[in-house]
Amino acid sequence: MIRSKGFVALVGAGPGDAGLITLRGRDLLAAADCVVYDRLVGDGVLAMMPPEAVKINVGKTGGGNFVPQDEINEILVREAEKGQMVVRLKGGDPFLFGRAGEEIEALNAKGIPFEVVPGVTSALGGLACAGIPVTHRVDARSLHIITAHTKEGGLARLDYEALARLGGTLIFMMGASAVREICSELIKAGMPSETPAAAVESASTAAQRLFTGTLGTLASLCEKGGLHSPALITVGKTTAFAASFAWKKFLPLSGRKIIVTRPRERAGKLSAMLRARGAEVVEAPCIATRRIKADLPDLSKYGWLGFTSVTGVEAFFALLAENGRDIRSAGAAKIAAIGPATAAALKERGLLTDYMPEVYDGAHLACGLADLVKEKPLMMLRAKEGSPELTEELAARYVKFTELPVYETYFERPEVIPQGADAAVFTSASTVRGFKAAMPGLEVPCACCIGVQTAEEAKRAGFKNIVTAKKATLESLTEALEEIYHDNTPEKTEKE
Ligand code: SAH
């Protein structure tokens, strides 16, 4: 535990992208008993909330209303006084138009200890994601962050003459609906209408859109494109750099929101691979696994041990240890693995793989083993509800085999139901079934599947656009996604 109980951490979640929360913020979030979060926190960050934590959404949209600030203060005090480690998760930086001050006053009034974890503010980080440098040598010697709206929700009365005189970069927040007013007031105050200006919507997420123009043109562009909140409006010479600095185009999956459905403990590598290619990834684990505690039979009777997943390898070794044995009890049994990830997990435990099929699926594993298994039978160590093709194929080929279920799979409900995703990635048929069970109404245009059996399950689940990886590996899955979105980057930049 990082913190004693009865504590509140005000944590900046960054502008939306899951990679832009600080390490400290992430650690505190992982240790939270209770998370109180806002509308602007990205789905990828929300997905990091611990499953067992109490989650309170105080920024509801679509039907629900915002929870008034007084009530949020009361929630924080109430949860902390219960002895909880509370994380108050806020978009961007907690102190920049984040009302953290009011929350701290409420905590101080009750003597509740707290910590503030700074965040990447959208004002700076969001613009960086759009390739807008907030200063640049001679072009801007200062920057000014301004709210376009007041506490009461009305337009703020600003001293536009003063702003126009500053000569620095101006960044307006909470101004999506006030672009016309901001631009015309600045022109009225003496700024040339040719001054470069830009708007960035949903910065750092897959939905990021960039509008670039001038004080004279930006408002019409934004109206035509339907700019909506959250958005940053920025004015000044440096905004023009976006034309050559917008870097997202170099990443093949940028502008794509992708749901990873694998079990929580298996998701990390795939998510990292997709994020490295620019995708906004939301981990929504739809299945989980738990070990089955079985009595191990005499393993020396078997000529082959077969593994179909990393989880199977882990569960088998845990079972061995629990039974007071180690791998020597398998004598000289040979080892079969369904694919390279499983073989790598075996290698980590000192076992080399004697057979791995060319195509990494159950049916091919069974075919290959049919020629290899002789007098001493095969022991398959796998999931209780593993794909039937393997069993059917072994039986059809009269292979002597036993199956020992070492773990079972069950459906899980993810922490967030991600809206507006472009694709969901499925690494087994059971992830497809779990996805449908957890999010029955969710429409996702594309299912990206690790292999044929998974693709068939996706078809049964009603997916229309299904892509199947060439090989059943995470690398190949990632390539499949790159291929479908190759040359097909969404046009999310609008210029005059
Ligand atoms: N504390 C936050 C700001 C909260 S005020 C921060 O430091 O970023 C809310 C305003 O922030 C929005 O109206 C919008 O102007 C801006 N904002 C927050 N996230 C944004 C994003 N991803 N893209 C564009 N603007 C964003």
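Ser254 is a buried residue in this predicted model, and its relative accessible area comes out at just 7%. Since buried means under 20% relative accessible area, that value puts Ser254 inside the cut-off. Beyond this serine, there's a cavity between two domains and a ligand with 17 residues around it.

**Ser254 and its loop**
- You'll find Ser254 in the loop that runs between α9 (242-245) and β11 (257-260).
- Its side chain isn't left without a partner: the side chain of Ser254 gets to the backbone oxygen of Lys248 at 2.8 Å.

**The cavity**
- If you count cavities of 30 Å³ or more, the structure has one.
- The largest cavity has a volume of about 40 Å³.
- Gly16, Asp17, Ala18, Gly44, Arg275, Ala279, Glu280 and Val281 make up its lining.
- Sorted by class, that lining comes to three nonpolar, two polar and three charged residues.
- Domain 1 (7-120) and domain 3 (251-286 + 412-485) both contribute lining residues, so the largest cavity sits between them.

**Around the ligand**
- Of the 17 residues surrounding the ligand, the closest are Leu96, Thr121, Ser122, Ala203 and Ala231.
- Ala231 has a backbone N or O atom 2.7 Å from an oxygen atom of the ligand.
- For Asp93, a backbone N or O atom lies 2.9 Å from a ligand oxygen atom.
- On the nitrogen side, a ligand nitrogen atom is 2.8 Å from a polar backbone atom of Ala203.

Conventions:
Residues numbered from 1 in each chain as written. Predicted model: local features only at pLDDT ≥ 70, side-chain atom pairs only at ≥ 80, totals over all residues. Heavy atoms only, no water. Helix = DSSP H or I, 4+ residues; strand = E, 2+ residues; numbered from the N terminus. Buried < 20%, exposed > 50% of the residue type's maximum accessible area, 1.4 Å probe, protein only. Polar contact = N/O pair within 3.5 Å; in protein donor to acceptor, adjacent residues only side chain to side chain. 1 Å grid on protein atoms, 1.4 Å probe; cavity = no way out; pocket = protein on both sides within 12 Å on 5 of 7 lines; lining within 4 Å. Points joined across faces, edges and corners; volume = space filled by probe spheres on them. Nonpolar A, V, L, I, M, F, W, Y, C, P; charged D, E, K, R; others polar. Domains from an automatic or database assignment. Near = heavy atom within 4 Å.
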